[in-house]
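Let's take a walk through this model together, going from side-chain pairs to the packing of helices. Keep the 3D view open as you read.

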Amino acid sequence: MNLFARIPMPIAVCDASGAIILANPAMTAEWGETSGTLRGRNVLELFRPDEETQVLRIAEAVRLGRRSRYPVAVHWEAAGGTRRHGELTAEPVSDTADEVPGLLVLLRVLGEEHALAPEPVEAATPAETRILALLAGGATTAQAARGTGLTTDGVTYHLRRLTERWGAANRTELVARAYALGVLTPGVWPPVA
């Protein structure tokens with residue numbers, strides 16, 4: 001219990017339906033609450049999934065006894081009224097394989113949404129745009145390197161810079177952001193800038 005309380009990442013232990021059994025101080029602090037006050041509340045009352053179908057898939061997987069980690073993109077209003085977004089990871093846990101699993105729920109806070117206008121996102125360079133178009137078309141790092149005349153390290157360098165600049169978690173999110181920001185042209189195949 002002492003170790004659980006010291007973990008800086010917000011964590012909760014829930015029953016199979018998502019009702020909180022135990023939450024560490026980092027999780028309760030996210031809500032401006034004290035220890036024990038989240039007990040009995042459902043995590044889906046606290047966090048809103050960005051895509052409802054993710055929750056249905058997890059519920060079905062738990063019902064079927066599958067044991068995997070299930071990430072869910074979520075948003076919520078934290079203590080003080082700040083709207084935040086992040087990722088909940090639900091992992092079924094139990095002492096035996098026959099037992100109905102509970103859920104270990106970890107929260108990774110990715111950012112806050114402020115009432116102010118968002119800061120403009122720095123556009124992609126021509127090399128970055130070409131790399132993104134190749135990735136959107138399914139190219140590997142090596143294929144993107146051949147398609148741009150760069151080395152694989154050069155492609156990785158550009159992807160790392162884009163990831164940091166756009167706050168993306170992975171390559172899929174980079175490609176999605178490229179479409180959202182108008183760097184890549186939607187509705188065109190193969191992908192083009």
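A residue counts as buried when its relative accessible area is under 20%, as exposed when that area is over 50%, and as partly exposed in between. Arg108, at 35% relative accessibility, is therefore partly exposed. Please bear in mind that this is a predicted model.

Arg108 is a good place to begin, since its side chain meets that of Glu87 in a salt bridge, with N to O at 3.4 Å. Glu87 belongs to strand β5 (residues 83-93) and Arg108 to strand β6 (residues 102-113), so this pair ties together parts of the chain that are 21 residues apart in sequence. Like its partner, Glu87 is partly exposed; its relative accessible area is 24%.

How many salt bridges does the structure hold? There are seven. Some of them join up: Glu30, Arg84 and Glu112 are linked in a network of salt bridges.

Now turn to Glu128, which has a relative accessible area of 1% and so counts as buried. Its side chain meets that of Arg165 in a salt bridge, at 2.8 Å from N to O. Because Arg165 lies in helix α7 and Glu128 in helix α5, this pair ties together parts that are 37 residues apart in sequence. Glu128 also forms a salt bridge with Arg161, where the closest N and O atoms are 3.9 Å apart. Here too the pair links distant parts of the chain, with Glu128 in helix α5 and Arg161 in helix α7, 33 residues apart. Arg161 itself is partly exposed, at a relative accessible area of 33%.

Another residue to look at here is His158, also in helix α7, which spans residues 152-166. Is His158 buried or exposed? Its relative accessibility is 17%, so it counts as buried. Leaving aside residues up to four places away in sequence, His158 touches Ala127, Glu128, Ile131 and Leu150.

Finally, follow helix α5 (residues 126-136) to where it packs with helix α6 (residues 141-148): the angle is about 135° and the axes are 9 Å apart. That angle makes α5 oblique to α6. The crossing of α5 past α6 is right-handed. Which residues meet here? From α5 come Arg130, Ile131 and Leu134, and from α6 come Ala144, Gly147 and Thr148. Sorted by class, this contact has three nonpolar, two polar and one charged residues. Ile131 thus turns up twice on our walk, in the meeting with α6 and among the residues that His158 touches.

Technical notes: Residues numbered from 1 in each chain as written. Predicted model: local features only at pLDDT ≥ 70, side-chain atom pairs only at ≥ 80, totals over all residues. Heavy atoms only, no water. Axes fitted to C-alpha atoms, helices over the stretch in contact; angles between N-to-C directions. Helix = DSSP H or I, 4+ residues; strand = E, 2+ residues; numbered from the N terminus. Parallel < 35°, antiparallel > 145°, perpendicular 65-115°, else oblique. Left-handed = near helix turned anticlockwise from the far one by under 90°. Contact = heavy atoms within 4.5 Å. Nonpolar A, V, L, I, M, F, W, Y, C, P; charged D, E, K, R; others polar. Buried < 20%, exposed > 50% of the residue type's maximum accessible area, 1.4 Å probe, protein only. Salt bridge = Lys/Arg side-chain N within 4 Å of Asp/Glu carboxyl O.
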